[in-house]
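Colleague: I'm new to this one. Could you walk me through how the labels on it are earned?

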Amino acid sequence: MNTETIDTNKTTKKKRVLWADYAKCFGIIAVVTGHAINDVAGKGLDVTYNAIYWWHMPLFFMIGGFFLKKISHDFKGWSYLFGHRIKPLLIAYFLNGAILIILSHFFRQQSWEYTFSYFGRLIYGGSTLDNYLSVFWYMTTYMLAIFMTTLLISYVKKVWLQFAIAIGSFALGVALQDITFFGSADFPWDAQIALLAVFWMLLGYYVFKLFPKINWHHKQLFAFVGTLTFIGLIYLYATDNLDFVLWLKSSNIHNALQAFVIPPILCLVVFIACEGLEHLGNFAPITFIGKNTEIIMFYHRAAFDITTLTVFTDNWYFRIIIGLAAPILLAWLLRKFKNTNFYHRRQQLAEEKKSERVKIALPVTIGLSAVGAVWAFSSYQQQSQTSKNYVMSTTPTIFMHGWSSNLRAEQSFIKVGTEQNIVTEEMIIHVTRDNKLQVQGRLTGNNDNPVILVQFDNNRVGEIRYAQGLRRIVSYLKDKYNIKDFNAVGHSMGAYAWVYYGMHWGADPNLPRLNKMVVLAGPYNGILDKGHANQPKNGALAGLWDDTPHENSLDKNGRPKIIHEEYNTLLARKNNFPINTQVLNIYGDLKDGTSSDGLVTVQSTRALRYLVSDRARSYQEFEVTGEGGQHSRLHINNPVVNDKLTDYLWGK
């Protein structure tokens with residue numbers, strides 16, 4: 001197949017391809033949906049999440065190949081590549097990244113130190129970007145893929161050789177997923193993923209050329225077979241007979257052959273479906289979304305935070321709605337603004353002064369880049385200095401939520417650690433309603449103090465079922481990653497669950513060693529009967545709400561005067577607690593006369609001392625008083641608790 005070099009010096013207005021806009025629309029809806037349901041418990045949502053990730057980002061890389069052009073082998077060709085293709089993407093990356101970093105600072109109430117350091121992370125890019133900028137890895141990977149694929153089609157004449165190189169690049173990208181970059185788990189700009197994207201982009205380049213020439217009936221047949229294949233893959237994954245994961249940002253690819261074959265098939269099905277939709281006419285809303293995928297890509301994660309303003313909207317389906325609607329509204333407003341006379345006059349004036357602006361902008365850009373580089377290096381040095389005060393290891397720390405809670409409550413615990421690069425959130429494990437484990441992420445084996453967040457789908461099964469689930473998780477980590485030890489953190493019933501785990505399995509030589517345990521507001525000997533709506537009214541769990549203010553007291557050795565049934569359960573196995581475990585017991589006292597944190601009395605929480613102090617390697621107590629000592633506030637944006645937890649678990 002011979003093609004001529006296109007004159008990249010000519011600027012012509014591109015005619016929009018309707019089915020390509022449709023494909024981009026469905027692709028961006030998949031992106032928003034995938035992010036909205038991430039970390040939400042449920043087998044169906046987990047299957048949906050992974051099925052989306054099998055194709056949605058490869059789709060955008062393939063579409064990126066649609067409009068690639070060969071460049072001439074001279075300065076003008078290279079000028080086109082960098083000036084017309086790379087430069088606009090680079091400007092959009094840094095401009096929108098800066099806007100979102102500032103938005104995140106104010107909306108999420110982050111420290112200026114963290115905000116400034118994030119600009120350094122924006123320069124490095126890739127997997128170091130999270131929260132509002134978590135999708136920005138795609139932009140840098142996309143730029144690198146455009147650069148490499150353009151050179152490939154321009155300098156390699158034989159099509160078969162182009163694909164041979166692209167396939168080799170793909171294989172190299174997969175091989176690099178377990179390789180560190182000078183000791184760092186994160187490649188700058190997620191460059192290793194660009195090696196995979198080159199194959200998809202090259203495929204898109206030729207698919208776009210051949211697509212109009214293929215008989216429509218043949219396309220329909222392929223779409224039918226491809227859809228059946230997709231359904232079959234979903235069924236196999238749902239029944240645990242397929243282990244296909246394609247999480248590009250985190251470079252988590254379980255099977256190279258599956259990653260090579262499956263995404264192109266699914267993307268072609270989407271393209272054919274969109275062409276069929278085009279035959280039915282122009283659907284303006286779909287077209288508008290397809291034309292504005294970039295702004296939705298940039299801003300949908302920030303829009304998610306709007307849903308957290310009320311309890312009613314704080315769920316995954318409202319995140320999908322708001323994640324699409326808010327950026328679409330922003331795009332519509334920008335479009336209206338660009339149609340105003342004011343905007344056109346400003347554009348005209350800017351064009352007239354373009355030469356002067358270039359003369360001024362060049363030294364200013366160089367100066368700002370130099371300042372930015374110095375500042376980024378300084379921030380890196382400060383973070384490195386901070387991390388020197390902490391022990392960095394491969395030992396994972398498992399966080400467990402309390403009654404009727406979820407993993408979002410746990411994320412507040414590690415805010416200090418993540419902002420200062422002391423810890424890394426590497427894994428989320430769901431315990432399903434049928435007691436199976438659904439795992440997202442992986443332990444990298446890096447000395448980055450990995451954190452594992454646990455979410456029980458049924459978050460009201462109680463402390464015994466919690467403990468049994470934790471035992472399955474620890475056993476899984478031993479079998480999968482051969483971990484030798486781990487730390488444990490639990491709040492409320494999650495705290496009780498960890499103590500129960502320690503009494504039953506903590507000394508098991510076939511399981512990893514329980515190194516450090518931090519428990520907060522643990523109801524070891526009863527909970528105050530508050531009459532809450534989510535409080536069980538019958539059954540075994542109802543008996544836990546059996547405490548009363550000032551009813552109980554502790555002996556000198558910590559033994560409670562009144563022993564409730566749940567305390568007896570632990571007391572019976574008191575001598576089985578592991579002897580090498582260090583324990584920190586954090587509790588709250590509102591100082592309102594109840595001697596409690598509003599839900600658990602001080603006596604109930606401090607009764608832990610009698611259970612573990614004789615066996616534990618060390619035992620400490622830490623009291624938080626006043627409003628900060630309220631039961632829920634102990635683990636939600638509590639700087640006193642966060643600092644104490646961080647220093648205890650990872651401090652030198």
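Modeller: Sure, and keep in mind that this is a predicted model. Let's start with Glu627, which has a relative accessible area of 62%.

Colleague: What makes Glu627 exposed rather than buried?

Modeller: The cut-off for exposed is over 50%. Glu627 has 62%, so Glu627 counts as exposed.

Colleague: And how do you know that Glu627 and Arg633 form a salt bridge?

Modeller: The rule asks for a side-chain nitrogen of Lys or Arg within 4 Å of a carboxyl oxygen of Asp or Glu. Arg633 and Glu627 come in at 3.5 Å, N to O, so the pair passes. Arg633 itself is partly exposed, with a relative accessible area of 44%. By this rule the chain has 6 salt bridges.

Colleague: Why would such side chains pair at all?

Modeller: In general, side chains of opposite charge can do so when their charged atoms come close.

Colleague: Which parts of the chain does the salt bridge between Lys574 and Asp614 link?

Modeller: Those two side chains meet at 3.2 Å, N to O. Lys574 sits in the loop between helix H20 (565-571) and strand S9 (582-589), while Asp614 is in the loop between helix H22 (608-612) and strand S10 (618-625). They are 40 residues apart, and the pair is said to link distant parts of the chain.

Colleague: Why is Lys574 called buried?

Modeller: Buried means under 20% relative accessible area, and Lys574 has 12%, so the label fits. Its partner Asp614 is exposed, at 62%.

Colleague: What makes the link between Glu621 and Arg606 a salt bridge?

Modeller: The distance is 2.9 Å, N to O, and the limit is 4 Å, so this pair qualifies. Glu621 lies in strand S10 and Arg606 in helix H21 (residues 602-606), so parts 15 residues apart in sequence are tied together. Glu621 is partly exposed at 27%, and Arg606 is partly exposed at 28%.

Colleague: Where does Thr601 lie?

Modeller: Thr601 is in the loop between S9 and H21. Its relative accessibility is 1%, under the 20% cut-off, so Thr601 counts as buried. Leaving out residues up to four places away in sequence, Thr601 touches Leu528, Asp547, Thr548, Pro549, Ser595 and Ser596.

Colleague: How do you know that Thr601 makes a polar contact with Ser604?

Modeller: A polar atom of the Thr601 side chain lies 3.1 Å from the backbone nitrogen of Ser604. The distance limit is 3.5 Å, so the pair is within range.

Colleague: What about Asn446, why is that one called buried?

Modeller: Asn446 has 16% relative accessibility, which is under 20%, so buried is the right word. Asn446 lies in the loop between strand S5 (437-441) and S6. A polar contact of 3.0 Å joins the side chains of Asn446 and Thr444.

Colleague: What makes Val451 buried?

Modeller: Val451 has 0% relative accessibility, under the 20% cut-off, so Val451 counts as buried. Val451 is in strand S6 (residues 450-456). Not counting residues up to four places away in sequence, Val451 touches a set of residues including Thr397, Phe399, Ile414, Val423 and Trp650.

Colleague: How do you know that the span of helix H9 is close to the expected one?

Modeller: H9 (residues 216-238) has 23 residues and reaches 33 Å from its first C-alpha to its last, close to the 33 Å expected at 1.5 Å a residue. At its start, a side-chain oxygen of Asn215 comes to within 2.8 Å of the backbone nitrogen of His217. Just after H9, Asp240 takes a positive phi of about 65°.

Colleague: Which residues of H9 are buried?

Modeller: They are Lys219, Ala223, Gly226, Leu233 and Tyr237.

Colleague: And how many residues are in the largest nonpolar core?

Modeller: There are 106, and Phe61, Leu133, Phe136, Tyr138, Leu248 and Phe271 touch the most other members. A second, separate core has 50 residues, among them Ala467, Leu477, Met493 and Tyr500. Across the whole chain of 652 residues, 52% count as buried.

Technical notes
Residues numbered from 1 in each chain as written. Predicted model: local features only at pLDDT ≥ 70, side-chain atom pairs only at ≥ 80, totals over all residues. Heavy atoms only, no water. Buried < 20%, exposed > 50% of the residue type's maximum accessible area, 1.4 Å probe, protein only. Core = buried A, V, L, I, M, F, W, Y, C linked by side-chain atoms within 4.5 Å. Helix = DSSP H or I, 4+ residues; strand = E, 2+ residues; numbered from the N terminus. Expected span 1.5 Å × (residues − 1). Polar contact = N/O pair within 3.5 Å; in protein donor to acceptor, adjacent residues only side chain to side chain. Contact = heavy atoms within 4.5 Å.
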